Amino acid sequence: MRASNLYAPTLRETPAEAEVISHQLMLRAGMIRKAAGGIYTYLPLAWRVLKKIEDIIREEMDAKGGQELLMPIVQPAEIWKETGRWDVYGDEMFRLKDRHQRDFCLGPTHEEMITTLVRDEVRSYRQLPLLLYQIQNKYRDEIRPRFGLMRGREFIMKDLYSFDRDEEGLNESYNKMYDAYTRVFTRCGLTFRPVEADSGAIGGSGSHEFMVLAESGEAAIVYCTTCDYAANVEKAELKPIHAMEEERLAMEIVETPGRKTIGDVTAFLGISPEKTVKTLAYQTEKGLVLALVRGDHEVNEIKLKNELNCLQLELASEAAVIGALGCEPGFIGPVGVKDITIVADATVMNLFNVVCGANKVDKHYRNVNPGRDFTATKVADIRLIQENDPCPRCGASVKTARGIEVGQVFKLYTKYSNALGATYLDENGQERPIVMGCYGIGVTRTMAAAIEQNHDENGIIWPVPIAPFQVVVIPVNAKEEAQMSLAEEVYTELNKAGVEAILDDRNERPGVKFKDADLIGYPLRVTIGPKALSEGRVEVKVRRTGEIIYFDKANYVSEVQ
Ligand code: ATP
Ligand code: MG
Ligand code: MG
Ligand code: MG
């Protein structure tokens, strides 16, 4: 590739709309351009990086027995209705109708699609296990698309789904993927940490998130320096919710049309009758806020927005917030269905009477019997784990850090196979539900995370395995024939030797070329100037360290390699 042909319109100024460094640098380096909020074109340099990340992912998925396929982006509503997620997914789902007014969505994820595929084809235990994956655009109408590729509305994800006969098989698939993810992010040259992404019930955690460590990360993580405990703070060791012993009897859900706030909730503690509710507690400057949230997928959508001095819950569904504590009447109210702002007020913290509300928009619980339907627990016991708290595993003190979630592995068990009737016949001819897992990597987010972790004031510093080109060859003066022909030679030799080199043959001042080279972040820069010609040696600058090395013209190729 010659820089004169490369479509990489670099910018000198940092665009005002870009808050985080990866967004700024990708715009400045001519890697991405915005089409709409959270929707971007990947220009040639970015596309090269993305393809490299994808190839690393492919190799590691294939090495574990994964098989690549490609599912449709446009998905029929029917399969989502079968699992009930058409109604609970909420506004994050891009929905559309065809000319016959049939409902479709743009896939935010593909559990429904792949489970129905497997349901229709897999009959026998002999066809299992299966690891199927794709690398594809995903669509999520995020409430706040921001930070460039970090939180897009259209983004590239690798999603793999595992299908096993039993839990033992699932654990095996899960461990394979955990290992593959570790290899993927290591190969991408990233500093990362796998963290437990749920409260880790008996038998180990059912999910891990892979966090790239970076100050700009949206996620807070906690880890132990003594043992291997590491968890997403929002999901770490919240004090347990008391399980409800008795069946719910007189509790009923009543229609309360028009009441979209949960402002009459003064205090609420416990676990829902379905036992699927989790408690999330946040210490904010204004006091303690406690929110009870359904314990499945929707839990992922909760974010603590420190900068706003209040808690904002980005909820996947209307049904997600069951109640809240530490809030005075009127302080809770959905701004949009998915965006409920809770401002805490410590004065109500002494209220322990259980009041239920807002389990669904327009619906409230009635006839709740505290102690029977919900078990009260002490508020003071419920708060997020913090720096220097004792490690839940070994008792040593924990540390906190910030991270970017680049991947997640998740044991689904039979949630989708039960809902969609994906079964197989075992050795004894008995019908059993397929046991599933799902495993996602944000490809575009990984590229952004790599920049968050690898940059300086001059630009990007690509880790070699994912660099768009490994070497840039710069003739100081492209008009000088001798320099240009040596540069050509070096460029050709490098490419022949399998080193991806780009030749900056533009008629620009050397300063401009050097600045662009630093901005785009090629790991090595080979400068061909008068010295190189007269002294027969090649000047190589290492982008990361700034170190300048001189190689003999005769053996620079092997040295660069
Ligand atoms: P987040 O907590 O950041 O909203 P998520 O938990 O909703 O992410 P998953 O459903 O676990 O995301 O999807 C798998 C991976 O896809 C994530 O680990 C992340 O790397 C990536 N991803 C999710 N949402 C986005 C997005 N809006 N833009 C870019 N990448 C994303
Ligand atoms: Mg998440
Ligand atoms: Mg999300
Ligand atoms: Mg996730």
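**Notebook: ligand shell, a small sheet, and confidence**

I began with ligand 1 in this predicted model and found 16 residues around it, of which the closest are Phe-155, Gln-408, Gly-440, Gly-442 and Arg-445. I then asked which elements each supply at least two residues of that shell. They are the strands β8 (154-164), β22 (398-413) and β25 (435-442), together with the helix α8 (443-453). Of these I noted β22 in particular, since the largest share of the shell around ligand 1, four residues, comes from that strand. Sorting the shell by residue character, I counted eight polar residues, five charged and three nonpolar.

Next I turned to the strands β4, β5 and β6. I looked up how β5 (residues 94-97) lies against β6 (residues 103-106), and the two run antiparallel, joined by four bridges. Within this pair I located Leu-96 opposite Phe-104 of β6, and I recorded Asp-103 in β6 as the bridge partner of Lys-97. The two strands form a hairpin with five residues between them, and when I checked the turn I found that Gln-101 has a positive phi of about 65°.

I also asked which strand besides β5 is joined to β6, and found β4 (residues 74-76), which runs antiparallel to β6 and is held to it by three bridges. Here Gln-75 stands opposite Cys-105 of β6.

Last, I went through the confidence values. The chain averages a pLDDT of 77, and 70% of the residues score at least 70. Over residues 199-204, however, the pLDDT is below 50, and this stretch has four contacts in the model beyond near neighbours in sequence. I found a second such stretch at residues 237-382, where pLDDT stays under 50 although the model has 295 contacts for these residues beyond four places in sequence. Where pLDDT is low, the predicted coordinates should not be read in detail, so I take none of those contacts as a detailed result. For the complex, I noted that the predictor gives an ipTM of 0.99 and a pTM of 0.78.

Conventions: Residues are numbered from 1 along each chain as its sequence is written. Chains are lettered from A and ligands numbered from 1 in the order in which they are written. This is a predicted model: local features need pLDDT of at least 70, side-chain atom pairs count only at pLDDT 80 or more; totals for chains, interfaces and linings use all residues. pLDDT is the predictor's confidence in each residue, from 0 to 100. Two residues are in contact if their C-beta atoms, placed from the backbone, lie within 7 Å. Two strands pair if DSSP finds at least two bridges between them. A residue is near a molecule or strand if its C-beta atom, placed from the backbone, lies within 6 Å of it. Ala, Val, Leu, Ile, Met, Phe, Trp, Tyr, Cys and Pro count as nonpolar, Asp, Glu, Lys and Arg as charged, and the others, Gly among them, as polar.
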